[in-house]
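Got your viewer open? Load the model and let's take a walk through it together.

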Amino acid sequence: MIKAILFDYDDTLVQTRKTRYQTIYKLSDELFKTRITEKEIDEAWGLPAEKFLLKLFGRFSSDIHYLWFVYLEFSKKDLNTPHSNAFDLIQKYQSTFKFGIVTSSSEKVVLRELNELQINTSLFFQIQTADHTTVHKPNPKVFEPIFALLSEDNIAKDEIVYIGDSPADYESSNKFGFHFLGIAHDDRHIQYFQTGKIPFVRNFSELENYLANDQNFV
């Protein structure tokens, strides 16, 4: 029986790719007078926050504090958007599951965005960000800190499902021993899920139906 549901954050709960690509284009154009390509962003996407910024903008400045400042200032102009029904589902099933987040994004970004979206962070027993661990997906050890907390409540690995949108989400959680469910809001990773016979849903409405049948996680 599933007792805890952990979510990836970017492109799983919120539409970060759609929002932040525009932020990055504006920042590179207005501040650094250059045009970063979609391919360059794709190559950096999913890296831990500081490595992400340095890969994109390190040729212009190696001062990570400065890069954080300008990135955060520009991102304030482009508010992130939740995927439809994402937080409604979490609110609805508060008494059924323990919910958490495991993300490679920084704590300052995630908490600021949730505040902007007026999401009550107490919906999650833990929001684990890049600031909480020295390893990151696809390294399965990224789940050790949050699993230690769940273990205190006698929740075993086979009672936990991780929900994410990318191959790294699957590879890390599967190797750690969690169940995994993909969520494919767009078509980028559908072939990966289908080829690997990895279960996935297209949206949070489908996710609710999937959760209604606990046998899906056998």
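We'll begin with the whole chain and then stop at a single residue.

Before you click anything, keep in mind that this is a predicted model. Show the whole protein chain as a cartoon: its secondary structure comes to 10 helices and six strands. With a radius of gyration of 17 Å, close to the 17 Å that the globule rule gives for 218 residues, the chain is as compact as a globular protein of that length. Now switch to C-alpha atoms and turn the view along the principal axes, where they fill a box of roughly 55 × 35 × 30 Å.

Next, put a surface on the protein chain. Its accessible area comes to about 10,800 Å², and carbon and sulfur atoms account for 48% of that. Hidden from view is a good deal else: 50% of the 218 residues count as buried.

How are the contacts spread along the sequence? Taking those between residues at least 6 apart in the protein chain, 63% join residues at least 24 apart.

Try colouring by charge now. You'll have 24 positive and 31 negative charges to pick out, and the mean positions of the two sets are 4 Å apart.

Time to zoom in. Select residues 144–151, which make up helix 7, and find glutamate 144 there. Is glutamate 144 buried or partly exposed? Its relative accessibility is 42%, so glutamate 144 counts as partly exposed, a class that runs between 20% and 50%.

For a last stop, add isoleucine 198 to your selection and draw a line between the two C-alpha atoms. Glutamate 144 and isoleucine 198 are 54 residues apart along the chain, and their C-alpha atoms are separated by 23 Å.

Definitions and conventions
Residues numbered from 1 in each chain as written. Predicted model: local features only at pLDDT ≥ 70, side-chain atom pairs only at ≥ 80, totals over all residues. Heavy atoms only, no water. Helix = DSSP H or I, 4+ residues; strand = E, 2+ residues; numbered from the N terminus. Rg over C-alpha atoms; globule rule 2.2 N^0.38 Å. Buried < 20%, exposed > 50% of the residue type's maximum accessible area, 1.4 Å probe, protein only. Contact = heavy atoms within 4.5 Å. Areas by Shrake-Rupley, 256 points an atom, 1.4 Å probe, with all protein chains shown as cover. Lys, Arg positive; Asp, Glu negative; His and termini not counted. Charge placed at Lys NZ, Arg CZ, Asp CG, Glu CD.
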